[in-house]
Amino acid sequence: MSYTSSTLGAIIIIAVSVQLAAAGSISGTVKMEGKPPKAKTIDRSADAKCMELHPGDLLTESWVVGESTDEASQVANVFVHVSGGLAAKDWPAPTAPVVLDQKGCRYEPHVFGIRVGQSLEIRNSDGTTHNVHSLAKNNKQFNNGQPSGAPALNKSFDAVELMAKIKCDMHPWMSCYAGVLDHPFFAVTGADGSYKIEGLPAGTYEVTAWHERMRTRTQSVTVGDDDASADFLYQKKK
Amino acid sequence: MADDAHHGHDESFLRKYIFSTDHKVIGIQYALGALVFLLFGFTLVMLMRWSMANPNQAVPFIGGFLETLFGEDAQGGVITPQLYNSFGAMHGTIMVFLGIVPLAVGAFGNYVVPLQIGAVDMAFPKLNMASVWVYFVGGVVMFSSFFIPGGPAKSGWTSYAPLAVIDAASAGQTFWLVGMIFLITSSLLGAVNFLVTIIQLRAPGMTWMRLPFFVWAQFISSFLLLLAFPPLEAAGVMQLMDRVAGTSFFMPTGLVVSGEAYSAVGGGSPILWQHLFWFLAHPEVYVLILPALGIVAEIIANNSRKPLWGYRSMVYSVIFLGFMSFIVWAHHMFLTDMGVIISAFFQTTTMIISIPSVIIITALIISLWGGSIRFNTPMLFALAFLPMFGIGGLTGLPLGLSGSDIPLHDTYYVIGHFHYVVAPGTIFAMFAGIYFWFPKITGRKMNEFLGKLHFYPSFIFMNGIFFPMLIQGIAGVSRRLYDGGEYYEFSESILQLNTVMTHSAFGLLLAQIPFIINFVWTIFRKTREGEGTRNPWDATTIEWTDADSPPMGHGNFAVVPQVYRAAYEYSVPGSDKDFTPQSEPDSK
Amino acid sequence: MLELFHSWGLPIDASEHGHAIDGLLVWIHWIMLVLFVGWGLVFTYILIRFRQKKNPTADYTGVKSHASSYLEVSVAVLEILLLVFISLPIWATRVQGFPEDDASALQIRVVAEQFAWNFHYSGSDGILGATRPGLIVAGENPVGLDIKGDPHAADDIVRSKLLLPVDRNVIVRLVSKDVIHCFSVPTLRVKQDVIPGSVIPQWFRAVKVHDGFVGCAQLCGLGHYKMKSDLSVVSPEEFDAWYETTSAQAAAVAASAEDEDEW
């Protein structure tokens, strides 16, 4: 039974990727003007376990940048997604879960995308209790304590939401953001600020970047058969 | 009664046992519901005790079942902090509002009071039926909240705002509030009925000072319910509005919850909820304890074969107790930033309220002096009630003085204190009452050997559970810690008490098996020869002397008795037997 | 009795006012013990002497003396004595005896949240900086300190452990961001609810160098059992040194912080 279903799954995945490979993509880099504020050291002395689990300073993650000069810096943890121009269509959610880990009293990853209905597997790799508290606005909130060594929690979202915040109240500094979408066209920028959204049919799309502090920027991109490029530059309000 | 002509045979099963207006059937309905909920509430606390002694370990045997039931809140059979909080809130709520009050007032009150005062039924039989059905609906709402996503209420049985209001991850608190509104309505309907019945339907000759003490206790309890519950009903509706309609009766301005500004309008007062809650909940404590005192008084008089000593002073004490219980509520709130004058007032009233309790307990002990004491099962439970209630009352003293409340507030000392009052206190009295009136209800006495097998272990294990709490309280262990204080790194010996308590709780559970067997077996066994007499305990009050065992259906008495004397005329000098029924005419 | 309580785990008393509380605790428990043992002995005696086998016929009248009234009156008198001479004075000093004239009193703003304590010291300028709920950023600015808007805020210290000097008056002002918490410091015999929407002051004076904890004694949610911070009471020299250094560091960080840009 399980063999059959996994074989079937593999076939579907191959089929889908073949179909996707035929389509275009959008890639680019997200930058900000100037340098971000310096990351601050988090006071986590209230939980001795967190001190052990994350030796060295634990820094705030609101601003994570790659190459950074006085002119511009590459910004990580930006959620980039197609926000308009898609033909109405059902995009079945993948069966594989998105994994969110609590490790060293922080969330890994800090920003991620997930599909409506897709399973979110929340792990606790720390030797201390966390609670996973969703502050979602469009989706049902949840708040689960997860003691050390507890099995992973499985959650999912029923509605599109940009962005659903998840945090730990036992360690108030711990938070992360989920972009919940009903299509697969999203990406999160890496340390160098780059992202790539693949598998888009040709057409003109609206693409939106979201950053925890700098909020959103939107631009229009036309995708042909090959790679379209869309860089974002966050500029200060003058 | 008007429908005398057609009682009994021509009623359908539904009319007779389900939608009955007969106070006796309603009493039994309350009793069965309350006993089931008591067992359920006890099961919840067993799970909590397991978690406190063994935090983060899977519950043995039923862990898998818990996981099926509660999903991620009990993953791997481990009780999570939120499930612990749910169990804690529901344990308190169920024990108080669905267990003991329905048992003490709804069951014993309904069954016994009309029979003791010589009434053919309660004053408003249909209201009485409405009361039990509203109770049933409240129970269903509370129970169903266990099966909704996010689980039942988790803000304590006190449901303090803002905690109770901000919990958006579960509708449990909303269920709790709706359930409470039903339960409160049920109690109000019952209370009105008791008051009218006791005032209006006493048999000829049943003057106030001839009333059995149990009736007095029910009378005062009904006043407390009637006057104290409406503020909580209003408060419950207000909190419900705060949760579902965006009002902010109890929500102050400027809250930042989980790092985000809270959207309520603000301007409300969290302390207001506490005042409204405790304005009910303190009188409620006396609703839990007065019927128990009443039952104990009946049984002590009957089994010491002599009148209650100081019956009048007991009656005046219970009236005074009822009155005072309305002006002590804020002793639960000494630490909410209370000024000198207000705290002096509430400390003084709290000290004053201890005096009538001392008088009643002393009178009961003195009543035994000179008696000819029979140690049957109801008497054992009634006697054990006295020292247990004594500990419960005495440990109230350091909590009632704001100075010594500082180190003890919200520690296990408080838990030990009020459990001594209601668990080995009230619940023992309830058991005493069940063993005592069982022959009246079924015509058959419960087995004495099984009764003693129930009593002695229960007595030991009750103390094994609650005395260590007082020690933990002195050591400063806070209540409502799901890991039993492990994170606070209390000493090994303090934490080991959790294991002692958990084992005792398990022992207490086992000790209830003889009771359940006894209860069920006695209901279904055949009546023996010589059983089914009206008055197996040689009692004086009219429910024994003038009604059959079990009493006839609607109407209770073939002839409504005439009352000639006080309630406890035992061992009257010159009498040929050691009890003189209230309904026995003077020989002259 | 006090030794017994300590053997049961009663924490050491490291505060100036705590002995009065401990004294009250001990007095009450002696009274409770005497009453309980007294009652218990009489009760047991009665049960043995008047059991049915020994005493087959009950006495209709029973006790004729009024000894019990004396007992009840004496219980009442004892309670009144404890109330008037011990408990009321304790409460009066707790609630009204603030060391307002003591300019050297250390002022700390305590901000409670689910599930953490934040201790906000005024820094070397001795004036607590302004705070605004809108500025709260978890992990960065947990109390919403207005560093840009208030010059007194720059040198303020905000941390999650409580460090106190010995032999110096301390005034804490308790506020909560979200739900009701309870500021409980067993070794200093201090316990006070923290109620959102109110600022509740408390005062105390530690007289012993020791380590303890600040706990939460009021159910505040699923992390209630973990809402604990460390407490250290240290010598005045050690405290002052720490205070100056930390305050200077805070000021330096605040000075180097660029203006937060608008995006």
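Colleague: How many residues does the contact between chain B and chain C take from each chain?

Modeller: Two residues are in contact if their C-beta atoms, placed from the backbone, lie within 7 Å. On that basis 85 residues of chain B and 78 residues of chain C take part. This is a predicted model, in which local features need pLDDT of at least 70 and side-chain atom pairs count only at pLDDT 80 or more, while totals for chains, interfaces and linings use all residues. Residues are numbered from 1 along each chain as its sequence is written, and chains are lettered from A and ligands numbered from 1 in the order in which they are written.

Colleague: Which element gives the largest share of the side of chain B that touches chain C?

Modeller: Helices (H or I, at least four residues) and strands (E, at least two) are DSSP runs, numbered from the N terminus. The largest share here comes from helix α11 of chain B, residues 340-368, with 15 residues.

Colleague: How does the side of chain B that touches chain C divide by class?

Modeller: Ala, Val, Leu, Ile, Met, Phe, Trp, Tyr, Cys and Pro count as nonpolar, Asp, Glu, Lys and Arg as charged, and the others, Gly among them, as polar. This side of chain B has 48 nonpolar, 29 polar and eight charged residues.

Colleague: How many residues of chain A and chain C are in contact?

Modeller: There are 22 residues from chain A and 22 from chain C. The chain A side has eight nonpolar, seven polar and seven charged residues.

Colleague: Where in chain B does pLDDT stay under 50?

Modeller: pLDDT is the predictor's confidence in each residue, from 0 to 100. Where it is low, the predicted coordinates should not be read in detail. In chain B the values under 50 run over residues 1-8, for which the model has 10 contacts beyond four places in sequence. For chain B as a whole the mean is 93, and 98% of the residues reach 70 or more.

Colleague: What radius of gyration does chain B have, and what would a compact globule of 588 residues have?

Modeller: The radius of gyration is taken over C-alpha atoms, and the globule rule is 2.2 Å times the number of residues to the power 0.38. Chain B has 24 Å, which agrees with the value near 25 Å for a compact globule of 588 residues. Its secondary structure comes to 19 helices and two strands, and its C-alpha trace spans about 85 × 55 × 50 Å along the principal axes.

Chain A, with two helices and 19 strands, has a radius of 19 Å, close to the 18 Å of the rule for 238 residues, so chain A is as compact as a globular protein of that length. Its C-alpha atoms fill a box of roughly 60 × 55 × 30 Å along the principal axes.

Chain C has 26 Å, but a compact globule of 263 residues would have a radius near 18 Å. The C-alpha trace of chain C spans about 95 × 40 × 30 Å along its principal axes.

Colleague: Into which domains is chain C divided?

Modeller: Domain bounds come from an automatic or database domain assignment. Chain C has domain 1 (2-96) and domain 2 (106-256), with C-alpha centres 40 Å apart. Their contact takes nine residues from domain 1 of chain C and 11 from domain 2 of chain C. The domain 1 side divides into four nonpolar, three polar and two charged residues. Chain C contains four helices and 10 strands, in the pattern α-α-α-β-β-β-β-β-β-β-β-β-β-α along the sequence.

Colleague: What is the strand order in the open sheet of four strands in chain A?

Modeller: Two strands pair if DSSP finds at least two bridges between them. The order is β14-β4-β16-β17, with antiparallel pairing. The edge strands, each paired on one side only, are β14 (186-188) and β17 (215-223) of chain A. In chain A, β16 (residues 203-211) and β17 pair over nine bridges, and A:W210 stands opposite A:T216 of β17(A).

Colleague: Which residues does a cis peptide bond join in chain A, and which in chain B?

Modeller: Most residues other than glycine have a negative phi, and most peptide bonds are trans. In chain A the cis bond joins A:L162 and A:M163, with omega about -5°; A:M163 is in strand β12 (residues 161-167) of chain A. In chain B a cis bond joins B:S549 and B:P550, with omega about -10°, and B:P550 is in the segment after α19 (542-545) of chain B. As for phi, B:E489 is not a glycine but has a positive value of about 55°. B:E489 is found in the loop between α16 (448-474) and α17 (492-511) of chain B.
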